[in-house]
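Q: I have a model open and want to go through its sheet and helices. Can you take some questions?
A: Go ahead.

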Amino acid sequence: MPIYLDHNATTPIAPRVLDAMLPFLREQYGNPSSSYALGHAAKDAIAVARGHVAALIGAEPEEIIFTSGGTEANNIAIRGSIGPNGGKRAIVTSTVEHPATDEPCDQLARDGYAVHRIGVGADGRIDPDDARRAIRDGAGLVTLIHAQNETGVLQPVAEIVASAHEHGALIHVDAAQAVGKIAVDVKTLDIDLLSIAGHKLYAPKGIGVLYVRRGVRTQSVLRGAGQESGRRPGTENVASIVGLGEACRLAAERLREGSTAQMVVLTRDLFARLQHTIPDIVLTGHPTARLPNTLNVLFPGASGRAVLEACQQVMASTGSACHADREEASAILRAMGVPERKALGAVRLSLGATTTTREVEDAAEALAEAWRKCMAGTASAS
Ligand SMILES: Cc1ncc(COP(=O)(O)O)c(C=O)c1O
């Protein structure tokens with residue numbers, strides 16, 4: 001059986017999430033804006049889901065806006081908040097963002113905003129002092145990834161939030177990879193805007209959330225009717241919203257039961273097994289400030305792509321991009337100072353809620369065997 005170790009790319013829909021959704025794809029098809037019972041049922045279901053999402057991140061239900069995913073949430077947060085909240089024309093972000101942050105920032109730069117990208121250290125983390133220096137130069141918005149999707153490295157969000165607020169800037173956190181895997185509380189962290197992507201926590205693709213702290217203004221990037229308090233027009237994706245609500249309820253349950261610590265044990269076991277057969281394998285990123293489920297490893301002497309191609313049993317990803325004539329190393333690893341040649345050895349292994357010890361053992365064996373095959377191929381070719 002193939003082993004799925006790519007949960008940072010997407011997760012399967014949890015069976016209970018699907019069960020919660022199905023009635024809204026069948027008989028409960030009403031439009032939540034309709035004034036008869038079928039519409040009310042849909043509207044009530046959205047309210048319940050909003051409550052579950054809010055509870056997972058410590059927000060109030062009215063601070064939750066449903067979107068089409070993490071990308072749209074980031075776009076509303078970045079393009080929609082910079083104008084109406086004080087009007088400062090500078091944005092601080094980092095060199096390790098997802099394209100869903102990078103691209104809207106690039107667009108704002110083309111529109112005349114100053115965009116400052118803070119670099120990271122070899123451990124993938126921003127130095128809070130670098131952030132403070134950049135923010136005090138007149139930032140209106142700070143937008144940062146919470147957990148990096150390729151490396152799983154966690155940024156020092158709390159310290160950076162304090163600097164942002166001290167200097168009157170809003171802070172948006174792209175928590176698409178963090179929510180559901182670790183405890184995230186918007187009030188404890190004092191965050192203004194936060195993005196969630198449903199398909200990273202066992203809900204369907206095409207649904208997400210933007211948390212907007214009460215009092216923070218966002219301009220809609222779409223124009224239309226008044227759904228989501230006018231902040232995100234368009235008839236609600238009721239079934240997916242219900243699914244995301246249930247996924248958040250289940251995530252809160254898992255976190256209460258200690259899923260983070262259990263995941264750390266499994267992930268460490270996978271790395272220890274790989275290291276046992278491949279002593280020179282390197283784990284990238286900070287050793288402890290990281291997601292519990294993510295290992296980004298550099299296979300020595302072989303490209304990550306070649307290792308995965310030789311290992312059909314394991315589904316995982318590399319951070320590299322394949323161009324017509326050559327492979328290009330991950331920009332995230334390059335931003336951390338990993339040399340191009342070493343960075344080409346990267347493979348991201350991301351475990352999920354249903355990953356078993358047996359799968360970890362089998363995956364470690366299969367990956368080590370694939371690496372050995374690649375090395376043997378390299379030796380015979382040279
Ligand atoms: C950190 C991060 N932000 C944003 C996104 C985009 O989310 P979506 O795929 O729901 O648009 C992703 C998805 O890969 C992500 O990993």
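Q: How far apart are the end C-alpha atoms of H4, and what should its 12 residues span?
A: This is a predicted model. At 1.5 Å a residue, counted over one less than the number of residues, H4 should span 16 Å, and its end C-alpha atoms are 16 Å apart, so the two agree.

Q: Which strands does H4 lie across?
A: H4, residues 99-110, lies across E3 (90-94), E4, E5 (141-145) and E6. Its direction is at about 150° to E3.

Q: Which residues of H4 are buried?
A: Ala-100, Thr-101, Asp-102, Pro-104, Cys-105 and Leu-108.

Q: And what covers them?
A: The cover includes helix H3 (70-81) along with E3, E4, E5 and E6.

Q: What is the phi of Gly-112, just after H4?
A: Positive, at about 105°.

Q: Switching to the sheet. What is the strand order?
A: E2-E8-E7-E6-E5-E3-E4, seven strands in an open sheet with mixed pairing. The edge strands are E2 (64-67) and E4 (114-118), each pairing on one side only. From one strand to the next, the twist averages 20°.

Q: Do E6 and E7 pair in what sense, parallel or antiparallel?
A: Parallel, over three bridges, with E6 at residues 170-174 and E7 at residues 193-197. One bridge pairs His-172 with Leu-193 in E7.

Q: Where does H6 lie?
A: H6, residues 157-166, lies across E5 and E6, running at about 175° to E5.

Terms used
Residues numbered from 1 in each chain as written. Predicted model: local features only at pLDDT ≥ 70, side-chain atom pairs only at ≥ 80, totals over all residues. Pairing = 2+ DSSP bridges. Helix = DSSP H or I, 4+ residues; strand = E, 2+ residues; numbered from the N terminus. Axes fitted to C-alpha atoms, helices over the stretch in contact; angles between N-to-C directions. Contact = placed C-beta atoms within 7 Å. Buried ≥ 20, exposed ≤ 12 C-beta atoms within 10 Å, placed from the backbone.
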